[in-house]
Amino acid sequence: MPLILSRHLLIGFILVLLTTAARDLKAQNERDSLRRIIPQLKGIRQIDAINHLASYLLTIDPDQSDSLATTALSMNPNYSRGTVKSWLVLATMHSQQRNTQKADSLLDLAIPLARKLDDDKSMTMALLTRGVLRSRKGQHAEALEDHIQGARLAKSVGDVDLELSHLLNIGSLKQLVNDLEGAEKYLREALDISQSSGLRFRSGQVYVNLAVVAYKKDDLDLSIDYNNKALALFEAEGDKSQAAICLNNLGFAYNILGQHDTAIAYYDRAMELSLSVNDKFGVTTVLLNQARILKDVMRYYMAESKASEALNMAEGINDQFSKSRVRLFLAELFEASGDHTRALAQFKAYKTLEDSIAEKANRDKMAELTAEFELERKEDELQLSRERVRLLGTRQVLLVSILLLMLAVVSAIWIFYRSKVRKVRMQKELAEVERKHQQLLSMQLSQELKIKEKELLAYAGELSRQNALMTDLEVKMEAWENSKYHEVGKELIKRLSEQVQRRPTDYLSWREFRLKFDEVHPTFISGLVEQFPQLTAYERDFACLIKINLSNKEVAQILNISYDSSKKSIQRLYRKLGFPSAEELRSFILKL
């Protein structure tokens, strides 16, 4: 079916509940209400409201969602239900951003705690995110098990949206393993639920998946019918992104039927909608599909131009899958046009990308297998130790019995003495083994902490270099504008200067730094806030940089401020906190 659907088949519908809520007017009103009442709430009610708002903003404003969930997480560490919800919001955000390792780590924390709290609502959300992550790793059987269990839990708590999300993902997984009958069965069930509940957006999603099934069954007419039904529902809901997917699918189908003009018309509409919502992946896919039509009608030059645009877009979003598809198409295009040298070069680039993707998948799989092997090995060692203790106890009992029979009372006294000696020795041996184990564990934890500290410093250095580079670029651009060559590229320099001047702070990089910092110093922020609740967010960030022992110059580069501003900031901070000098403040923070 259309290439744009491959992404949805691979990752499922990531918390479509949140996507629906983001588009629904009622949800918009609820978000506005939450923003108004959060400052008026206190304690766990405020934490719940912040987490609720963060979950709504996941697909609309991930940065704000991350900030809200992190804030909720730091407000009351003893509120377990709130902690689970914050972890789930952050895990979902990292899953959407393809940060699989971080998402897995957060889920490993959230799922056991949700089970302990018997929180079925949180469990079904966690199973949805974990199922998506497992699907990406190719663990289809495990992902299917997560979604089946999640659908059952969602139904038990009466959450229709979550139940539909799991059913849709089950249908997608069934398609991936070519169980088309099974996929259609679950999708039909999802369609009945969405239609009976009046959920038009979710019905549209089901129709898109049914269109894929029909395509795989070689029924293009039915596939086109399903896509038209989905398009009508998405347009009624005002969802341009999903409507663009349907239009691209229809263009793909009509191209297969040889109706190129109709296909191009659908692609043009899909491009217009994708650009309007800044869906770069969608734009990349439409460009590639347009290039395919141009290749089919032997307009090779225009096909190459469209494919080159698609490749630039894919490189801009660093989408390995899209880059691989475009490279392969370019190889086929150059081969068709008789340019074998360029065709070979593109095919080599395609193979390099495929090998890179496969190598990463193998590394992830090897890491997973290694972890499983180590767990099994430790369990076997523990079982062996228990068996040895059991056998040793049995031998002692038999020995005592035989000696009692042979030596009577005197021998019994001797055996009792020997038994005590052996017991003491065994206790010492076990104590020594435990001591060595604890020592080894302590060494391992110390090494891991050192590695994380090095990574944190390296990341801080990278932030510093990045900001220094941007500052240097601004200076050079100003010098260029004042030079005699300025008139040559005046318009280009003007646009570049405006882009540099209005560039946003790289909050994503700073957020990643905070997450790495919290891994190394998990209690620092909470301890600092407990002693000094009057600190602002900027002052807490400033304290984090002091904690990793950065100089004023390095702090200035990372925060993209001047050296004098950095010195003034630390002066204000130590005065605000009541320290006699900057050195006293730095010493206190390093010890905290």
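Student: At roughly what angle do the axes of helix 16 and helix 18 cross, and within what distance do they come?

Tutor: In general, two packed helices are described by the angle between their axes and the distance between the axes. In this structure, which is a predicted model, the axes of helix 16 (residues 280-296) and helix 18 (residues 320-336) come within 11 Å and cross at roughly 15°. Since angles under 35 degrees count as roughly parallel, helix 16 is therefore roughly parallel to helix 18. The crossing of these two helices is left-handed.

Student: Which residues in helix 16 and helix 18 meet?

Tutor: On the side of helix 16 they are Phe281, Thr284, Thr285, Leu288, Ala291, Arg292 and Lys295, and these meet Ser322, Arg325, Val326, Phe329, Glu332, Leu333 and Ala336 in helix 18. Sorted by class, the contact of helix 16 with helix 18 has 7 nonpolar, 3 polar and 4 charged residues.

Student: Is serine 324 buried or exposed?

Tutor: Burial is read from the relative accessible area, with values under 20% counting as buried. Serine 324, which lies in helix 18, has a relative accessibility of 4% and so counts as buried. Apart from neighbours within four places in sequence, serine 324 is in contact with Tyr350, Leu353 and Glu354.

Student: With which side chain does the side chain of glutamate 304 make a polar contact?

Tutor: The partner is the side chain of arginine 342, at 2.4 Å. Glutamate 304 belongs to helix 17 (residues 300-316), and, when residues up to four places away in sequence are not counted, glutamate 304 touches Leu333 and Phe334 as well as Arg342. Leu333 is also one of the helix 18 residues that meet helix 16.

Student: Where is asparagine 99 found, and how should its accessible area of 21% be read?

Tutor: Asparagine 99 is in the loop between helix 6 (80-96) and helix 7 (100-117). With a relative accessible area of 21%, asparagine 99 is partly exposed, because the buried class takes in values under 20%. Its C-alpha atom is separated by 9.8 Å from that of leucine 133, a residue 34 residues apart along the chain. Setting aside neighbours within four places in sequence, asparagine 99 is in contact with His94 and Glu512.

Student: How many helices and strands are there in the protein?

Tutor: There are 26 helices and 0 strands. Of the 592 residues, 42% count as buried. Among contacts with a separation of 6 or more, 61% are accounted for by residues 24 or more positions apart.

Key
Residues numbered from 1 in each chain as written. Predicted model: local features only at pLDDT ≥ 70, side-chain atom pairs only at ≥ 80, totals over all residues. Heavy atoms only, no water. Helix = DSSP H or I, 4+ residues; strand = E, 2+ residues; numbered from the N terminus. Polar contact = N/O pair within 3.5 Å; in protein donor to acceptor, adjacent residues only side chain to side chain. Contact = heavy atoms within 4.5 Å. Axes fitted to C-alpha atoms, helices over the stretch in contact; angles between N-to-C directions. Parallel < 35°, antiparallel > 145°, perpendicular 65-115°, else oblique. Left-handed = near helix turned anticlockwise from the far one by under 90°. Nonpolar A, V, L, I, M, F, W, Y, C, P; charged D, E, K, R; others polar. Buried < 20%, exposed > 50% of the residue type's maximum accessible area, 1.4 Å probe, protein only.
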